[in-house]
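User: Can you walk me through this one? I have the coordinates open and want to go through the packing first.

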There are 2 protein chains.
Amino acid sequence: MEIITATAEIGDRIREIRAQGRTIGFVPTMGALHPGHLSLVEKARADNDIVIVSIFVNPTQFNDNGDLEHYPRTFESDRSLLEEAQTDILFFPEAGELYHDEFRFKVTESPLSEELEGAHRPGHFDGVLTVVMKLLSLIRPDRAYFGEKDWQQFLLIRDMAAAFFLETEIVPCSLVREPDGLAMSSRNAHLSVEERQRAAFFPKVLRSCDTTDKKRRVLEDAGFEVDYLEERDGRTLGAVVLGSVRLIDNVRLSETETSP
Amino acid sequence: MEIITATAEIGDRIREIRAQGRTIGFVPTMGALHPGHLSLVEKARADNDIVIVSIFVNPTQFNDNGDLEHYPRTFESDRSLLEEAQTDILFFPEAGELYHDEFRFKVTESPLSEELEGAHRPGHFDGVLTVVMKLLSLIRPDRAYFGEKDWQQFLLIRDMAAAFFLETEIVPCSLVREPDGLAMSSRNAHLSVEERQRAAFFPKVLRSCDTTDKKRRVLEDAGFEVDYLEERDGRTLGAVVLGSVRLIDNVRLSETETSP
């Protein structure tokens, strides 16, 4: 696996790969990789000649500096996981290189980016869209893979790619759950043992056949702080805070239990 | 000359041209072509295998609906001028196609886009950057040509291309003047005969050796309303209103008269 940190160097490699007529699958991540990420890499591996994974903890998508500072960073473990998964190129840029414009330019969206997650994390999606636009322009992949755990993020990136006529196909990937049902997330590492046990109650309630109002009350009674809980696009989307950790998840309405 | 109006069709043609290994020079315009535009087409013709010119009166860069409505539209004349100038493809999209996202997505910049022109035309540069990003993503030219008459626009587009790592080289082209010194502009068509005669006083004052304060007073005494007048990047940049027409211009400090 090649590790590239400079934007000029990745640009040169991309031109080489394109000139050889080989296809590129791209998986952008913030590191702290878990089986959810690896399922994206696996899909990219199956569909393309060359697999590029980026690890970049994007400062502009954190609305909370503490969250940015404490975001888990596990580079050595990430590196060996990606090597095992037959990644061709790991792109690991510095913020100064990706944001050499000193944050002057942004991609913004309205209204979807201001709803749900966006209502609770002002500026979050501007940061996501901006960094994804930079990465897609730099890497020009044939396909880019995004997890459905961040459903709203997937919708926004899919629509951005269409709005700007990008050549890249935006491929959604099913979310991956722990055996007890909790959606895999890098932030789960911050849960205490006791919180980790209680966390699985969140997807259980999302999947129940209750109304969203009822689900909200059930979660609040169980000690979760509910940021939002809403049915959209045939899914129940939710975000809760447990202790100091914010969890998001979504389940298709077709996955909802039909009997109590 | 091929005329293409559908984004899907231009996308297909671009893929064909790329597959043949031919280079693309691109000149985005809002039509109402004059020799200033044609000098860009000529430069594109000299540097590239294929020349694509777009004509699109971009609604999102007009902060004034009257200005948008009255912007000169001269398609038949534009078409024959482009044919004479050996344009290969004229891209003439409808707003509904370029903005099929219904204006949800924007490219924004701060602070330069809020200064000078931006201070007097709120939202103008968001509209320019957004449409140029769409066109550059769709057409993926090797080189795109912009007139230095819109100096601030050129700087913003050059910096946007760098910020998003676009493959396109942004090429500035000297502005073209009428025999009496007035910068060529589609909006000049709106000047009355009397205003047209007085308009040439604006670049004459810009080029004089006076201070910007003095220049402002001289222009105001001559009946111009001065939006701004500022020295930047080795240039004197200005915008004035004469009757109902807004004129912008800029001259290099090195072009300034050294004796009164």
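Analyst: This is a predicted model. Helix H7 (residues 124-139) of chain A and helix H8 (residues 151-163) of chain A have axes that come within 11 Å and cross at roughly 45°. At that angle H7(A) is oblique to H8(A), because it falls in neither the parallel, the antiparallel nor the perpendicular range.

User: Is that crossing left-handed or right-handed?

Analyst: The crossing of H7(A) past H8(A) is right-handed.

User: Which residues meet there?

Analyst: From H7(A), A:Phe125, A:Val128, A:Leu129, A:Val132 and A:Met133. They meet A:Gln153, A:Leu156, A:Ile157 and A:Met160 in H8(A). By class, the contact has 8 nonpolar residues, 1 polar and no charged.

User: OK, switching to the chain contact. How many residues of chain A are in contact with chain B?

Analyst: 21 residues of chain A, in contact with 21 residues of chain B. On the chain A side, the elements that give two or more residues are helix H1 (7-19), strand S5 (105-109), H7 and H8.

User: Which element gives the largest share?

Analyst: S5(A), with 5 residues.

User: And how does that side divide by class?

Analyst: The side of chain A that touches chain B has 10 nonpolar, 5 polar and 6 charged residues.

User: What does S5(A) pair with?

Analyst: S5(A) pairs with strand S5 (residues 105-109) of chain B, in the antiparallel sense and over 5 bridges. One of the residues involved is A:Lys106, whose bridge partner in S5(B) is B:Thr108.

User: Now the sheet with S8. What is the strand order?

Analyst: The order is S8-S9-S10 in chain A, an open sheet of 3 strands with antiparallel pairing. Strands S8 (225-232) and S10 (245-252) of chain A are at the edges; each has a single partner strand, so one side of each has no neighbour in the sheet. From one strand to the next, the twist averages 10°.

User: How many bridges are there between S8(A) and S9(A)?

Analyst: 7 bridges, with S8(A) and strand S9 (residues 235-242) of chain A paired in the antiparallel sense. Across that pairing, A:Tyr228 stands opposite A:Ala239 in S9(A).

User: Which helix lies across those two strands?

Analyst: Helix H11 (residues 212-221) of chain A lies across S8 and S9 of chain A. H11(A) runs at about 160° to S8(A).

Notes
Residues are numbered from 1 along each chain as its sequence is written. Chains are lettered from A and ligands numbered from 1 in the order in which they are written. This is a predicted model: local features need pLDDT of at least 70, side-chain atom pairs count only at pLDDT 80 or more; totals for chains, interfaces and linings use all residues. Two strands pair if DSSP finds at least two bridges between them. Helices (H or I, at least four residues) and strands (E, at least two) are DSSP runs, numbered from the N terminus. Axes are lines fitted to C-alpha atoms, for helices over the stretch in contact, and angles run from 0 to 180 degrees between N-to-C directions. Two residues are in contact if their C-beta atoms, placed from the backbone, lie within 7 Å. Angles under 35 degrees count as roughly parallel, over 145 as roughly antiparallel, 65 to 115 as roughly perpendicular and the rest as oblique. A crossing is left-handed if the near helix is turned anticlockwise from the far one by less than a right angle, and right-handed if clockwise. Ala, Val, Leu, Ile, Met, Phe, Trp, Tyr, Cys and Pro count as nonpolar, Asp, Glu, Lys and Arg as charged, and the others, Gly among them, as polar.
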